[in-house]
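Student: I have not looked at this structure before, and I would like to work through it slowly with questions. Could you guide me?

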Amino acid sequence: MTQWRLLRGDVLVGELSEYGCDQPFFLARFTPGPGWESVRALFEAWAALNGPDPDGSRTVAVVKPLQDLELRLAPVDGQQPPLQVFKNCVLRINGSAARLRY
């Protein structure tokens, strides 16, 4: 399973360790890094979004600020190219659990 570093520029936001799959998502454990507190509230808002969103406006309201951070996932082993979060993949973090689709 792949291990990832979640980065904002050169700042380590956290690390993800994949451990399973719940199609279409990879399941991962999330360990916060030094940059986590600066983005935590945005991921918490994304994790709290549930229920119908017929026009997508609620989703856009919470995802757009995360997109603007230009976060990227870099594989620890370097065997895969880095992924731009919300461009090449979708990432949800809820406490120590993460769900990743790429």
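**A strand residue and its surroundings**

Tutor: Let us begin with Ala-74, which in this predicted model is found in strand β4, spanning residues 72-75.

Student: Is Ala-74 buried or exposed?

Tutor: A residue counts as buried when its relative accessible area is under 20%. Ala-74 has a relative accessible area of 16%, and therefore Ala-74 is buried.

Student: Which residues does Ala-74 touch, not counting those up to four places away in sequence?

Tutor: Sequence distance alone does not tell us what surrounds this residue, as Ala-74 and Glu-15 are 59 residues apart in sequence and 9.5 Å apart in space, C-alpha to C-alpha. With residues up to four places away set aside, the contacts of Ala-74 are Gln-3, Trp-4, Arg-5, Leu-7 and Pro-82.

**The nonpolar core**

Student: Which residues have the most contacts inside the largest nonpolar core?

Tutor: In soluble globular proteins, nonpolar side chains tend to be buried together. Here the largest nonpolar core has 25 residues, and those with the most contacts inside it are Leu-6, Leu-16, Phe-43, Leu-73 and Leu-91.

Student: Which element supplies the largest share of this core?

Tutor: Several elements take part, since β1 (3-8), β2 (11-22), β3 (25-32), α1, α2, β6 (90-94) and β7 (97-101) each supply at least two residues of this core. The largest share, three residues, comes from α2.

Student: Where does Leu-91 lie, and which residues does Leu-91 touch when those up to four places away in sequence are not counted?

Tutor: Leu-91 lies in strand β6, and because its relative accessibility is 0%, Leu-91 counts as buried. Its C-alpha atom is separated by 9.5 Å from that of Trp-46, although the two residues are 45 residues apart along the chain. Leaving out residues up to four places away in sequence, Leu-91 touches Leu-6, Leu-16, Phe-43, Trp-46, Val-85, Phe-86, Ala-98, Arg-99 and Leu-100.

**Strand β7 and its partners**

Student: Which side chains of β7 point to one face and are buried?

Tutor: In a regular strand the side chains alternate between the two faces of the sheet. Along β7, Ala-97, Arg-99 and Arg-101 point to one face and are not buried, while those that point to the other face and are buried are Ala-98 and Leu-100.

Student: How many bridges join β6 to β7?

Tutor: β6 and β7 form a hairpin with two residues between them, and Gly-95 in the turn has a positive phi of about 70°. Within this pairing, Asn-94 has Ala-97 as its bridge partner in β7. The two strands run antiparallel, and the number of bridges joining them is five.

Student: What is the bridge partner of Phe-26 in β7?

Tutor: β7 also pairs with β3, in the antiparallel sense and over four bridges. In β7, the partner of Phe-26 is Leu-100.

**Charged side chains**

Student: How far apart are the N and O atoms in the salt bridge of Glu-15 and Arg-5?

Tutor: Side chains of opposite charge can pair when their charged atoms come close. This pair links distant parts of the chain, with Glu-15 in strand β2 and Arg-5 in strand β1, ten residues apart. Glu-15 is partly exposed at 32%, and Arg-5 is partly exposed at 34%. The salt bridge between their side chains has an N to O distance of 3.8 Å.

Student: Which residues are linked in a network of salt bridges?

Tutor: Arg-40 forms a salt bridge with Glu-37, the closest N and O atoms being 2.8 Å apart, and another with Glu-44, where the closest N and O atoms are 3.0 Å apart. Because Arg-40 and Glu-44 are four residues apart in helix α1, they are separated by about one helical turn. The residues linked in the network are Glu-37, Arg-40 and Glu-44.

Student: What is the nearest side chain of opposite charge to Asp-53, and how far away is that side chain?

Tutor: Asp-53 lies in the loop between α1 (40-48) and α2 (57-68), and its side chain makes a polar contact with the side chain of Thr-59 at 2.6 Å. A salt bridge requires a nitrogen to oxygen distance within 4 Å. Asp-53 is buried yet has no salt bridge, and its nearest side chain of opposite charge is Arg-58, at 4.1 Å.

Definitions and conventions. Residues are numbered from 1 along each chain as its sequence is written. This is a predicted model: local features need pLDDT of at least 70, side-chain atom pairs count only at pLDDT 80 or more; totals for chains, interfaces and linings use all residues. Side-chain values use heavy atoms; hydrogens and water are left out. Buried means under 20% relative accessible area, exposed over 50%, partly exposed in between (1.4 Å probe, protein chains only). Lys and Arg count as positive and Asp and Glu as negative; His and the chain ends are not counted. A polar contact is a pair of N or O atoms within 3.5 Å; within protein, one must be able to donate a hydrogen and the other to accept it, and residues adjacent in sequence count only if both atoms are side-chain atoms. A nonpolar core is a set of buried Ala, Val, Leu, Ile, Met, Phe, Trp, Tyr and Cys residues joined through side-chain atoms within 4.5 Å. Two strands pair if DSSP finds at least two bridges between them. Contact means heavy atoms within 4.5 Å.
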